[in-house]
Each structure stands twice: as structure tokens, then as C-alpha cells.
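Visitor: I am new to this structure, and I would like to understand how each label attached to it is earned. Could we look at it together?

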Amino acid sequence: MSERKKVTIRDLMRKKENGEKIVWVVLYDWTTARLADQAGVDMILIGDSLGMTILGYPSTLPVTMDDMLRHAGAVVRGVKYAFIVGDMPFMSYQASEEDAIRNAGRLMSVGCDAVKLEGGAEMAERVRAIVDAGIPVIGHLGLTPQKASMLGGFTVQGRDAESAKRIIDDAKALEEAGAIGVLLENVPAEVAKEVTEETSFLTFSIGGGVETHGQLLLSHDILGLTLGVRPKFAKQYADLKEQILDAFKRYCEDVREKKYPSEEYVVHMKEGEYEKLLKLLKKE
Ligand code: KIV
């Protein structure tokens, strides 16, 4: 078997050409990053969904660049091989080109290999500016959580022909602007298929069927750590929520019933030292 190397854009393109599916996962911390990297994922996204999954906000909107940089740094330190994408949070790229380049650059400075931002044709110039600064960009279309309010909530996008055509045109605009790929979130499989056929960059899906070059899921959904509603498209591979609840409950019980710490978890002084200590304390 050939030695495992750091995944590059060229490797991702090669996988696309060879028809090999690309595995992409959203996560936010050093421990999970190490485990996912060890398991062999190709790509990692430090998503601004951390606002909801980690920081407990009701949406991704309050997430700041400082939040993203802290979590991106932690993930980068845990990863040896996977290609790392940093998500650009709300208002880190919308207001001006300068903001967009500077903030994308900050994510690259902590070790990301590319950035992701939401939007299509309306963001094409922004994407071009970031790419011209030497930073690879992945676009994000369909259900874009930073615009959930405008989209009418966290619902499927592109169900009718007109809105589907807009998504395809947006993907083309992103490709033209120099993006290396696009993530399609919560769109019908037919739309993701057409985007993949009508463009030649990388296509990824989170809830967009099987036809894209790669698949993305949130680690919280994969691991069964979702506390709210798990989206219909998200397959759960473990039930850590139940295991964690059970572990905490048993710990509470053990401490209250004085079963923990039992002798195997206790350290003692060197032989004879306790007696000496008692003399020093004049307790003997
Ligand atoms: O922030 C995130 O995790 C994302 C995914 C929902 C696609 O952008």
C-alpha cells in the first residue's frame, strides 16, 4: 500500500476524474479531527454550524471570525492528511472585498487549505477577488443557513424548474469566478446531478443525492450527537448521545454512592511517609 500523504486539490480532482467518491465531514475540535483523519476522510470542514452545535446559538449568524479561527486552529493541529476547509462566517465576506480577502486569509493563516462561502452569482466577484489573492474557494448553494430567514427556513431548495435553473446558473457563475467546487445543501438529487453534469469543477452534496463527486455530513449527525432535529438526509452511524448520557448518569450514581473512586483509582504516599506526616502534624 502506498504511503498516505496530505490531500491536495490535485488529489481531489484526480478522484473526480477516476469516479472515486470524496468523503467530507464537518467537525470542530482537535480530538474529533484526529479520529476522522485517522479513519481516512478526504476533507474536513470547520463549519460555522459550530454556532449551533458547539456554542448553543439558535442559528449560525452570531458566529464570529474569532470563533472560527479558534476552532480551525484546533482542527488543523489534529489533522495530518485531510484537506481542510474553513467556513467564512456571516458578515465576514458580504460587506466588502477587502473584508472577504482579509478574513479568508486569516483562515489560511491558521492552516486551512481552502475557504467556503455561501452564495452564487451575486458572490462571483467576491469569489474572484479571494481566488486572485491565491486562496482556493468552495461555493455553497441550495439551503444556505446564513440566509435561512430569506429562504423561509431550513427547507429544501430548487424543487421547481425555475429555482433549480437558478442553482445551476449560480454554480456556473462560481466556476467561472474560479471556485474549485461547490457544496449543494438540501437540494433535489436531480438538481445536484445537473450541476455536476453542467460544470467541470468539484461538486459536493449534503442532502443532494448520490450524483455529486463528494458527500458531506456533520460529525454530530454521524455520531448521534444531534440534540435538535436531525435532517432527513443525515445518516446516523453511532448513538453517542445515549452513551454519553448513560456514562454521566453512572458517574453521578457512583460518586453519590461512594463507589467512585474505588481503590484502583487512588494514589497513596510512599511507604512509611504517612506515619511521618502524622508525627509532623502531631497527630500521633
Ligand atoms: O457550517 C456547516 O456545517 C455547513 C454545512 C451545513 C454545509 O456549512
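Visitor: What covers the buried residues of α6?

Guide: This is a predicted model, and in it the cover over the buried residues of α6 includes α5 (97–109), β4 (114–118), β5 (137–142) and α8 (161–176). The buried residues of this helix, which spans residues 124–132, are Ala124, Arg126, Val127, Ala129 and Ile130. Just after α6 comes Gly134, which takes a positive phi of about 90°.

Visitor: What makes the contact between Arg128 and Asp132 a salt bridge?

Guide: The definition asks for a side-chain nitrogen of Lys or Arg within 4 Å of a carboxyl oxygen of Asp or Glu, and the closest N and O atoms of Arg128 and Asp132 are 3.9 Å apart, so the pair qualifies. Both residues lie in helix α6, four residues apart, which is about one turn of the helix. In general, an α-helix has 3.6 residues a turn, so residues three or four places apart point the same way.

Visitor: Why is Asp132 called exposed, and why is Arg128 called partly exposed?

Guide: Exposed means over 50% relative accessible area, and Asp132 has 57%, so the word applies to Asp132. Arg128 has a relative accessibility of 35%, which falls between the limits of 20% and 50%, and therefore Arg128 counts as partly exposed.

Visitor: Which salt bridge links Lys6 to a distant part of the chain, and how do you know that it is a salt bridge?

Guide: The partner of Lys6 is Asp113, and their closest N and O atoms are 2.9 Å apart, which is within the 4 Å of the definition, so the pair counts. Lys6 sits in the segment before α1 (9–18) and Asp113 in the loop between α5 and β4, 107 residues apart. Lys6, at 32% relative accessibility, is partly exposed, whereas Asp113, at 19%, counts as buried because the limit for that word is under 20%. A search of the whole structure finds 18 salt bridges.

Visitor: What makes Leu216 a buried residue?

Guide: Its relative accessible area is 2%, and buried means under 20%, so Leu216 is buried. Leu216 is found in strand β8, and, leaving aside neighbours within four places in sequence, its contacts are Trp24, Val25, Val26, Leu45, Leu183, Ser205 and Ile206.

Visitor: How do you know that β1 and β8 are paired?

Guide: Two strands pair if at least two bridges are found between them, and five bridges join β1 (residues 22–26) to β8 (residues 214–218), so these strands, which run parallel, are paired. One of the bridge partners is Leu216 in β8, which is matched with Trp24. The wider arrangement is a closed barrel of eight strands, running β1-β2-β3-β4-β5-β6-β7-β8 with parallel pairing, and the twist averages 25° from one strand to the next.

Visitor: Why does His71 count as buried?

Guide: The relative accessibility of His71 is 16%, which is under 20%, and therefore His71 counts as buried. His71 has its place in helix α4 (residues 65–78) and, not counting residues up to four places away in sequence, touches Tyr28, Ile46, Leu50 and Ile54.

Visitor: What makes Val255 eligible for the nonpolar surface patch?

Guide: A residue of a patch needs over 30% relative accessible area, and Val255 has 39%, so Val255 meets that cut-off, while the label for its exposure is partly exposed. Val255 lies in helix α11 (residues 240–256), and together with Tyr251, Tyr260 and Tyr265 makes a nonpolar surface patch of about 440 Å².

Note on methods. Residues are numbered from 1 along each chain as its sequence is written. This is a predicted model: local features need pLDDT of at least 70, side-chain atom pairs count only at pLDDT 80 or more; totals for chains, interfaces and linings use all residues. Side-chain values use heavy atoms; hydrogens and water are left out. Patches are made of residues with over 30% relative accessible area and no salt bridge: like charges are joined within 9 Å, nonpolar side chains (Val, Leu, Ile, Met, Phe, Trp, Tyr) within 5 Å. Accessible areas come from the Shrake-Rupley method with a 1.4 Å probe; for residues, only the protein chains shown count as cover. Buried means under 20% relative accessible area, exposed over 50%, partly exposed in between (1.4 Å probe, protein chains only). Contact means heavy atoms within 4.5 Å. Axes are lines fitted to C-alpha atoms, for helices over the stretch in contact, and angles run from 0 to 180 degrees between N-to-C directions.
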